[in-house]
Every structure is written in C-alpha cells, then in structure tokens.
Amino acid sequence: MAAARLLLRLAGRLESVSFTQSVCGLLGAEQRPGPWHTHCSLERGQLVLSSNPFPGASERLPIQRPLFCPFAALDQQPEVSKTEPLTNRGVDLGVAVILQSSDQTVLLTRRTCTLRISPNLWVPPGGHMEPDEEILECGFRELWEECGLQLPKNQFSCVLLGLWESAYPPRLSWGFPKYHHLILYVLVISQESQEQLQARIQVNPNEVNAFMWLGPDVAAAVVATEDGTRTPGLFSQDLPLSVCATELKDDGGTQPLVLPMPTLMRTTPTTAEEDKERIGAGTKFALQLWLQHLGR
C-alpha cells in the first residue's frame, strides 16, 4: 500500500486520515467557526498537520471547509458511511495557483463540462499532487498543463495562502462523495502585466474552456456571496454588470465572453440537477485570502 499523503499529529502521534474522515473535524473544527489555523510541514509530497506547533513545522496556515462539507456530515452520521463500500483510500493532496499579475488581477479558469470532478466550475489553475512532488513543482506543472504558461525565472514570488478541504460531490444531498482532497492555495505574484500573461495563455481544451481575470473589487463581491455567509451590505453600486472573459472556440481559437455578475455570485445548490456555471466555494475562500494579503 502506498504511504499516506496526509498525516495529522494528534496527541503527539502521527495518524493517517481515512477517506470519510473530515480533516478539519480531526483538527478540532467543531469547537469554533472557521477558518482555523494549522501548523504544517510538507516534504517529498507528504503533508503533516497539527493544531499545535511541532518540530519541523514550517508554516501556520488557515484551513477551512464549506458549511455543507459532506465529511463533516458523515462525522455526525457514521451509520451512513458504513453503508458505502469500504475503501483504503485516504485524502488526496492538490495544489491550486492564484496567479496575480502586476496589475493586481488574478486568473481563474472554467473547467470543461466533460470533466468528472467539478465540471463547468470557475477555479484557479491546479490539480492533483503527484508522489514525491513539491508544492511549487505541482503548481507550476498544472499552470503549464492547463494554461500553457511558464513564468520567467526571478520575475515572480510565492506565498502559501491556506488550505481547503474539498469534496466531490460537494454536498451529501448530491450523493456520497467520490473524491476527497485537501487543496493548498499558492499565491504566485508575477512581475508581468495581465496583458503580457494573457498573450501567452494557451489553454488545454481537455481541461479548460474559458479564462478570466478578476480585480479586487469584483473579487470582494464574489467573496461576499460565499456559501452560507452572504452579506448584502458588502455589495457596491459601482460594480460592473458583467465581467469580460475569454472563451475557447471549437476550432481552437478564442472569442470574447461576457459573464453577467449574477453568474459569479451563484452558490452551491442543494441538488446536482440545479447546478449551473459558478465560482467554486473553495475558490471564494482563496480569493478572500488573496484580498487579505493585499490588505483589502
């Protein structure tokens, strides 16, 4: 059996996390509302988390899960998980890149509708971390594979933003979860402008069918509609009615795409049948962390 990718240091002991266990729950999430902070170390593709400092911990990062996290629900309904086929799978690791231009805009991509996980969802470039892969190595690989972007050396800096506990399907009402990931969001601050970066983007049509850049004002409005925490007082009358994006055409070229603001404000519906194009809940959390980094 492969070594566990995610370990938790609980009561001084290293323990693996089973597929149906909530990472946030094991770290004490039920005691107070999130986000919470966790001490962590990552070496050769293995992530160790603890609610307390420990030798070798190099970062202290915020960690969050959605209010409707199915693994949190399973913690409260253990009899449900016992009815599903037993699995030896643990929790997989993923990396997502929040690419910031020198204009202080960030890149989001729309996943194709044919993907098994989170189709038609707006997310930052990212994906599954391979065995023995480091965080930045994975992030830059995904940036290249999905967007065709390679950043010039010495023209960017990186900051670890936080962790998101992700499930698909995202709600227990959609069905029993088939995927369980812990996503590490990495802010990559480029010295190049949005125009310079956009000129080099060549999206992979098997994974991405559109992309857009969000500025702080629109991002703040999107964050304010984070599932379960809608705060109407944060909306600004100065917001645009729509956002310009770029969509892939069937012949491989691109064309302008106009996204109405209500599309960006959608939240995760109760049933899969109601799901439409939207920005993912984890992406909203990452945008919130990005805005905090900017001091907004």
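The expected span of a helix is 1.5 Å times one less than its number of residues. Keep that rule at hand for the first of these close-ups, all taken from a predicted model.

**View 1. Helix H8, residues 281–294, seen along its length.** With 14 residues, H8 reaches 20 Å from its first C-alpha to its last, close to the 20 Å expected at 1.5 Å a residue. Follow the chain just past H8 and you meet Gly295, whose phi is positive, at about 85 degrees.

**View 2. The surroundings of H8.** Ten of the 14 residues of H8 are buried, so the helix is largely enclosed by the rest of the structure. Here, buried means under 20% relative accessible area. The buried stretch Ala281, Gly282, Thr283, Lys284, Phe285, Ala286 and Leu287 is joined on that list by Leu289, Trp290 and Leu291.

**View 3. The hairpin of strands E13 and E14.** E13 (residues 242–248) pairs with E14 (residues 254–260) in the antiparallel sense, over seven bridges. To find your bearings, look for Glu247, whose bridge partner in E14 is Gln255. Five residues lie between the two strands, and in the turn Gly252 has a positive phi of about 95 degrees.

**View 4. Helix H6, residues 216–223, and what covers it.** H6 is mostly covered, with six of its eight residues buried. These are Pro216, Val218, Ala219, Ala221, Val222 and Val223. The cover over them includes two elements you have already met, E13 and H8, along with strand E12 (208–214), helix H7 (261–265) and strand E15 (278–279).

How values were computed
Residues numbered from 1 in each chain as written. Predicted model: local features only at pLDDT ≥ 70, side-chain atom pairs only at ≥ 80, totals over all residues. Heavy atoms only, no water. Helix = DSSP H or I, 4+ residues; strand = E, 2+ residues; numbered from the N terminus. Buried < 20%, exposed > 50% of the residue type's maximum accessible area, 1.4 Å probe, protein only. Pairing = 2+ DSSP bridges. Contact = heavy atoms within 4.5 Å.
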